[in-house]
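Student: I've got a new structure open and I'd like to understand the labels people put on it. Can we go through them one by one?

Tutor: Sure, let's have a look.

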Amino acid sequence: MTGCWALLLTLAGPGSGLLPGYAQAESRVNSPHPPPNRVLLLGSHPAPIYQRMTERLQQQLQQTEEDQTYWHFEHRWLNQTEPSADLLKQYDLLITLGTEAARWSVTQTRSLPVLHTLITRQAFQGLIPPSPHQPSAQPRQATASGTSRSAIFLDQPYERQLHFAQLIFPDARRLGTLMGPKSRIDLPHLQQLSLSRKLTLNSATLDTQDNPIQALQPVISNSDMFLAIPDQAVFNRNTARWILMMTYRHGIPLIAYSQRYVEAGALAAIFSSPESIGRDTADWLRQWQRRRLAGSVELLPARYPQRFEIEINRATARSLQLQLPDIERLRRQLQPLGQELQP
Amino acid sequence: MTDHSTAHPIYESLWRRPVPCLLGGVLLATFSLNAQALQPFITEDDMFSSLPTVKSATRLQQTLQQSPVAMTLIDRELIRASGAVNLADVFRLVPGFQTYHIHANLFGVVSHGQGQYHPGRLEVMVDGRSVHLTLLSTVDWAALGITLDDIDYIEVVRGSNIQTQGSNAFLGAINIVTRDPLQDQGSRISLTRGSGSLKTQGYHLRHSGHWGPLNVRLSANYHSNNGTGRGHDDGDSSNPEMRIEDQGEISQFNLRTTYTPTLTDSFDLQLGISDGQTGTELISVDNDYVDRDVSSHYQNLTWQHSLNQDMDLKVQAYHNYLRYSGDALYPISVGSFPTFQADLAFDKGTSERYDLDVELTHSLDPYNRFAWEAGVRYDRLESDSLLYEDGSISDWQWRLSGNWEHRLNRNWLLNLGAMLEHSGTIDHQLSPRLALNYQLDSQQSLRASVTRAYRAPSLLEANMDVQLHFPEDPAYGGLSGALLNLLHQPQDLRPEKLTAYEIGYLWQAPDGMSQFDARLFIEDIERGIDQAYSYYDDLMDDQVREYRNTSDWRSRGLELQWRLETEHHHWLHAAYAFTDVEGEKRTGSSSTSLDNSTPSHTLALLAGTRLPWDVSGSLGFYRLTQTQWLGGDKTPSYNRVDIRLAKSFQAARSEAEVELVAQNLFSEYQEFDLKNDFGTRVFLRLSLDFQ
C-alpha cells in the first residue's frame, strides 16, 4: 500500500545532490540557497487519519515553487518496515503521526529532531518527560523536552473549550463534567480555569469499576451545561450514551470534543480535524525553516493546534430552544486574528 | 500493531466449529481478550472513536452512508406529529410499506404489497426481541405490550435483512426501540377520547425514576373502542346493512429497568403483560365475528459488555408467551343428518418462544469491522384447532450470522453479510448479501447491493392441520366419528427464495437539515408460500386447503424519501414508492395474477410547524392506489388527509398538552376489506407530565 501512496514531493531521493527544480529556483532568486529539508513522515500504519493529515500537509507545502524546492518528504509505516539508524541519518527532521510512532521514536532516535503530531498533550508529556530545567507539565504550558522534540497536540486546550462553551450558552453558571481514569489528573487545572471564568465546576470521576449513571446523576441534575472530556475510547463510548440521554432529559446543553459526538446528539463540539493538524504542521515547518536560516537549532515549543473545527447539531439546538451564533462568528471570537498564530 | 494479512483466530473458529461449541467458543474467546492491556494515555484513536448510531442493518454502529441497506428512521417527534393512535399507522410514513386495517383492531404491515390476512414476511422486533407470532405466522400489532409513548424511535430496514435478523426479515425489518428509563423523569398521565362509531377510550400512566442503583420506567395503559359498527357486504350499499362487531379492548403493563454496575457493563430488563379481547372475523364464516381473548407476556434481559475499546459483547435472552382463546359454536348440518355444534374459531392456541442471542462486534482496524452473532431459539405451539392431530408442536432453531464491513479506500466501502439458519422446517440455509457503498463527497453516497435470501416456512405453515370432527353417533351413519379435512399440510414445503438487486442514493445536507434517499430495486420471489386447494378424497367437497410453494413474482420499483427542516420550525417528511409487480399464484391447473396485489403508487406527505403560543400543527396526506389484497378485496385508490393541532402549557415542574387529531378528514375509504369503511375519526388527547 505504501508504494503507491508514498509522497515524494521533490524529483529525486535524499542524497542525490542538487535537483533540477532547485537549480532553477536558485538561479531565479539569485541568492545563496540552503539545501532542501529532508523530512521523514512516520506512522504506525496507514490509517485514514494519518493519510488525511499528510495529504493536507502536502497540499500546503506545494503552493509555491519555493516550497516545493525546500521540502522533501518521505513516508514510512512501522508495520511495514522500521527505519534503520542509517536511514534516519539521511533526514533533517522526523514527523511522527500518532502515539505509536511517537513511542517508537523515543527509543530509536537520538540526535534527529522530532515533531510529534496527531498526539494528545497527555501522551506527549507521558512519553517525553519534561527536561530538568522545565519541570512543570501544567496542561496549559505545552512544553518540549529540550530542543530536539516538539509537538502539535490533537486535543484542545481547556481554555478554548471553556470559552467555546460560554459562547454557546452564556447563561451557564454551573458546569458539569465527568473525568475518566486518564483525564482526572487535569481536574485541579480545570477547576482553576472554571473559577476564573466565573463557572462553578460540578465534576465526578469515574473508574471502570464504578457505576456511570450513579456518578452522572448528581452532576447533571446540578448543572446548567455539561462539558464532555475525552478519555480512553472505552470510557468515551460507554459514557456517551448515558451523558447524551441524561443531558437531553434535563434539557442542558452538552458540549463535546468530536464530530461523532455531535452526530450522536451533542449540541456542539470543538475539535481539530487531521486536515487542520496538517495545516498547522505546514505552518510549523515554515517557522522551523526560518529559524534554521537564522542559524537556530532549537525547535519551536510544543503547542496546541491553532486551527480547529466547530460542529453544531441544529436539531439539538432547536429542541433546547437555543439560538446559536453562526460558526464563523464563533470561530472569530475564539481566535482573535494573530493571537494564537505565534508559537 | 495488527497484522492485516492473517485472519483473526476467533473468526476462523467461528466458521469452522460445529454449532454446539459455538456459543461457548465465542464467550471464551472474548473473555480472554478482556485482559488486553490498555494504553496508558489518551490517544488519537480515543479522540476519533465511534459513538452509537444506527445498528439494525448489520449490528455494527453505522451511519446511513455506511449502511448496506436503505433505512427509514421514525423518531418520537414524527410519531407524535403523525397523530397515530395505533402503532401500525406509523409505517404509512415508510416508502414502499403499506399499512392496512383488516378491521378496527387488526392491522397488517407489509413491504411492497402482497398484503394478506396474516402477513409474515417482515421481521418486527421490540428492542431486538422478535415479536413475530409463530401461532399465526404474523404480528399482533394490538397486543405488543407497549404504547406509542413507550417508543423512542423506530429503525426500518427497507429490503431484505435476513443476513442480520433471520428468516422473518425476508422483505424488511422493523426494530422498535423503546425509551430508556433515563430518558424520562417524573410521571405522565394521558387520556384519549375518540368520536364517531369507534368511541375510542385510552388511558395511559407512566412513571420513571430510580430505585437505588436501578433506573426504572413503568407504563400502564388501557385502550378500547366500539369497532367499525355497521357496514355493507362488499361495500355495496345496495346489500343489506350488517353489524361489524370488531370492537376491542386491551390492558397492558410494561416495566423497563437499567442497571449499570460498572462502566463497561449494562443490564436491561424488560417485562410486559397484556390482556384483552377483540372481535375477530371468522375465516371460516364470512361476515361473522367472534370475541377472541388475548393474553400475553414477555421477559427480556440484555447484557452489554465492552471487552475493550474495539470489541463489544451483547447477550440477549427473552421469552414471549401469547394465548388466543374464544369459541364460536355453529350448528353444522350435512344432508339429512342431525345438526351438530362445531367450534369454527380456529385461530387460537398458545404460542411460546425462548431465544438466546450472543453478538460480538469488533473493529479490527480502521478498515475492517465485524459483527458476529450466534443464536438458538425454541418455539412451541399448542392449538387443538390448528394442530388437530398433534395438539402441540415444538421446534429448535439455531442461527449464525456474520457481517464484515471493509473500507477499500476513502470512497469505497464493502459490506458482506451472511446468515446460516437451521430449523425443523428447513435443513441448513445460507442467505448472503454483498453491498458496495461509494462516497461521492461528504454529502452524497451511492449504494449497490445484491441479496439472496431464504424464508423458512413457519412452524404453523409446515404443520397446520384443521379438521371438523363429526360426533360419534349412529345417527350420523357412515359419518359417525369422521374427520373433515379443512386444511391439512402434507409437509413438503420448501423455503421461499428471494433474489434482490438495488441501487441507492443518499444525500445529507451539511447542516443536517435535509436528507434525500432514493432506491431502485428488483426483487424476485420464487416459491412464495400461500394457501391453495388440492384434491383430497374426503366426504364433502373432495378438496382441502394446504400451504404450498405456489407463487412467483417480481417486484420492480423506486422509493423516494425526503426529510426537510427549516430554521423557522417547519418540516416535511415525504415518502413515495412506485412498484410494478408481475407474477402469479398457481392453484392446480389455473393461475391467478399477482400483478395488482401491490399498489402501484404509495405516497405519504407529513408536514409540520411550530406556531407561537406553544401551538404546533401537522398535516398528513396519504395515497394508495388500487390494490387486490390477498385473502381480501380489491380496494380502489384512496386519498386520506389527517390533521393534528396541539397546544401545550408550561409550569415550573409540569407540562400539559391538549391535542386534537382528525384522521381521514374527507370521504370514507376502505383498506383490505370493502365492508370496513374508514370514516372520519376525531380524537382528543390530554396529557400531563409532572415531577
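Student: What makes B:D150 and B:R217 a salt bridge?

Tutor: This is a predicted model, and in it the closest N and O atoms of B:D150 and B:R217 are 2.7 Å apart. The cut-off is 4 Å between a side-chain nitrogen of Lys or Arg and a carboxyl oxygen of Asp or Glu, so the pair earns the name. Over all chains, the structure holds 67 salt bridges.

Student: Why does the pair B:D150 and B:R217 tie together parts that are apart in sequence?

Tutor: B:D150 lies in the loop between β5 and β6 of chain B and B:R217 in strand β10 of chain B, so the pair links parts 67 residues apart in sequence.

Student: How do you know that B:E565 and A:R318 form a salt bridge?

Tutor: Same kind of check: their closest N and O atoms are 2.1 Å apart, and the limit is 4 Å, so this pair counts too. Between chain B and chain A the count is four salt bridges. Add to the picture 18 residue pairs in polar contact between the two chains, both residues at pLDDT 80 or more.

Student: Which element gives the largest share of the side of chain B that touches chain A?

Tutor: That's β13(B), with six residues. By class, this side of chain B has 18 nonpolar, 20 polar and 12 charged residues.

Student: What is in contact across the two chains, and how much area is buried?

Tutor: 50 residues of chain B are in contact with 61 residues of chain A. The area buried between them is about 5100 Å², with carbon and sulfur atoms giving 58% of that. B:I42, B:M47 and B:L263 supply 16% of what chain B buries against chain A, more than any other three residues.

Student: Why are B:L191, B:Y203, B:L645, B:F649, B:V658, B:L660, B:L684 and B:L686 called a nonpolar patch on the surface?

Tutor: A patch takes residues with over 30% relative accessible area and no salt bridge, and nonpolar side chains are joined within 5 Å. These eight form such a patch, with about 640 Å² of accessible area together. Strands β36, β37 and β40 of chain B each supply at least two of its residues, and B:L684 is found in β40.

Definitions and conventions: Residues numbered from 1 in each chain as written. Chains lettered and ligands numbered in written order. Predicted model: local features only at pLDDT ≥ 70, side-chain atom pairs only at ≥ 80, totals over all residues. Heavy atoms only, no water. Contact = heavy atoms within 4.5 Å. Buried area = accessible area lost by both parts, 1.4 Å probe. Polar contact = N/O pair within 3.5 Å; in protein donor to acceptor, adjacent residues only side chain to side chain. Helix = DSSP H or I, 4+ residues; strand = E, 2+ residues; numbered from the N terminus. Nonpolar A, V, L, I, M, F, W, Y, C, P; charged D, E, K, R; others polar. Patch = residues over 30% accessible without salt bridge, like charges linked within 9 Å, V, L, I, M, F, W, Y side chains within 5 Å. Areas by Shrake-Rupley, 256 points an atom, 1.4 Å probe, with all protein chains shown as cover.
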